[in-house]
Amino acid sequence: MFGKIHEIYSSISGEGISQGIPTVFVRFAGCSLRCGKTENRALWCDTPYALGPYQGESLSISSILKSIETYDKDHGFQILLTGGEPLEGKNRDMSVAIAQSIFQFRNANGKPYPASRVETNGSEKITLDPFFVFTMDYKLPGSGMEERMDAENFEILEKRHNSLDEIKFVVRDRIDFERSIEVIREQKIQTNILYSPVHGEVDAKELVEWIKIDNPPKCRLSLQIHKVLWGNQKGV
Ligand code: SF4
């Protein structure tokens, strides 16, 4: 089995409930969404360099695991499968294989973070598997991608009942925020909720004011700490 991998590196987790935790990033190549690219507004994707399937190298499961081990010899880092989209097409099989292998080893050896975190865009079906924890986006109207969202994922998150799962709303404007509140109510979301502003389009302080008024359950503002530390650099 081979997967299209754009890069593997170590850093700290930049956002969400795992922010600041030492993490090995496995970035898959390929994603069929184009977030933010509407008629008159620009793509806001953080990783445009990993969107096409040809922007990755075919690596075997053993070489990916070996590479993870070079960054994390003692198996103490969180493993983050990201992209691109780690659950799209053939990337899905490789994500399962990596996460299963890490889960078995860490459980047998009493290591932390047995489940690999998957950052997924909300258009691919998530799973009940215990070897994954999910950071699942729900794309709001400002992304132009809301129609691609798979609403069944909310039921799966509910069934998983995993306190490490999270749903991320990236907010471009007030319309997006109001839609997020609607979705939270309609779907009776119990999972951790993250709010992130689209850089340069909505002021994070304004988003805080909106959050304070509606205060959805288990929500928090999530800013990208890697950008504070290193700016808009790749591989950090
Ligand atoms: S889903 Fe993620 S990787 Fe794909 S275009 Fe949107 S932000 Fe970029």
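1. Is His161 buried or exposed? His161 counts as exposed, because 10 C-beta neighbours lie inside 10 Å and the cut-off for exposed is 12 or fewer. Keep in mind that this is a predicted model. His161 sits in the loop between helix 3 (152-160) and strand 7 (166-171). His161 has a positive phi of about 50°, although it is not a glycine.

2. A second histidine deserves a look. His75 also is not a glycine, and its phi is positive, at about 55°. Its place is the loop between helix 1 (61-71) and strand 4. His75 has 18 other C-beta atoms within 10 Å, so it is partly exposed; the buried class starts at 20 or more.

3. Now the sheet. Nine strands make it up, and the sheet is open. The strand order is 3-1-2-4-5-6-7-8-9, with mixed pairing. Strand 3 (57-60) and strand 9 (219-221) are the edge strands, each pairing on one side only. From one strand to the next, the twist averages 30°.

4. Take the pairing of strand 2 (residues 22-28) with strand 4 (residues 78-82). The two pair in the parallel sense, over five bridges. To find this pairing on screen, start at Phe25: its bridge partner in strand 4 is Leu80.

5. The loop after strand 4 holds a cis peptide bond. The bond runs from Gly83 to Gly84, with omega near 10°. Gly84 lies in the loop between strand 4 and helix 2 (90-108). Gly83 and Gly84 are also among the residues around the ligand.

6. Which residues surround the ligand? They are Cys31, Leu33, Arg34, Cys35, Cys45, Thr47, Leu51, Gly83, Gly84, Glu85 and Asn121. By class, this shell divides into five nonpolar, four polar and two charged residues. Note that both glycines of the cis bond belong to this list.

7. Helix 2 follows the loop that holds Gly84. The helix has 19 residues. From first C-alpha to last, helix 2 reaches 28 Å, close to the 27 Å expected at 1.5 Å a residue. Just after helix 2, Gly110 takes a positive phi of about 60°.

8. What does helix 2 pack against? Its buried residues are Asn91, Met94, Ser95, Val96, Ile98, Ala99 and Ile102. These residues pack against five strands and a helix by name: strand 1 (2-12), strand 2, strand 4, strand 5 (116-120), strand 6 (132-137) and helix 1.

9. Strand 6 is worth a closer look. Six of its six residues are buried, so strand 6 is largely enclosed by the rest of the structure. In a regular strand the side chains alternate between the two faces of the sheet. In strand 6, both faces are covered. Phe132, Phe134 and Met136 are buried on one side. Val133, Thr135 and Asp137 are buried on the other.

10. The neighbours of strand 6 complete the picture. Strand 5 and strand 6 pair in the parallel sense, over five bridges. Here Arg117 has Val133 of strand 6 as its bridge partner. Strand 6 and strand 7 run parallel too, joined by three bridges. Here the bridge partner of Thr135 is Glu166, in strand 7. Val133 and Thr135 are both on the side of strand 6 that also carries Asp137.

Methods: Residues are numbered from 1 along each chain as its sequence is written. This is a predicted model: local features need pLDDT of at least 70, side-chain atom pairs count only at pLDDT 80 or more; totals for chains, interfaces and linings use all residues. A residue is near a molecule or strand if its C-beta atom, placed from the backbone, lies within 6 Å of it. Ala, Val, Leu, Ile, Met, Phe, Trp, Tyr, Cys and Pro count as nonpolar, Asp, Glu, Lys and Arg as charged, and the others, Gly among them, as polar. Two strands pair if DSSP finds at least two bridges between them. Helices (H or I, at least four residues) and strands (E, at least two) are DSSP runs, numbered from the N terminus. Axes are lines fitted to C-alpha atoms, for helices over the stretch in contact, and angles run from 0 to 180 degrees between N-to-C directions. The expected span of a helix is 1.5 Å times one less than its number of residues. Two residues are in contact if their C-beta atoms, placed from the backbone, lie within 7 Å.
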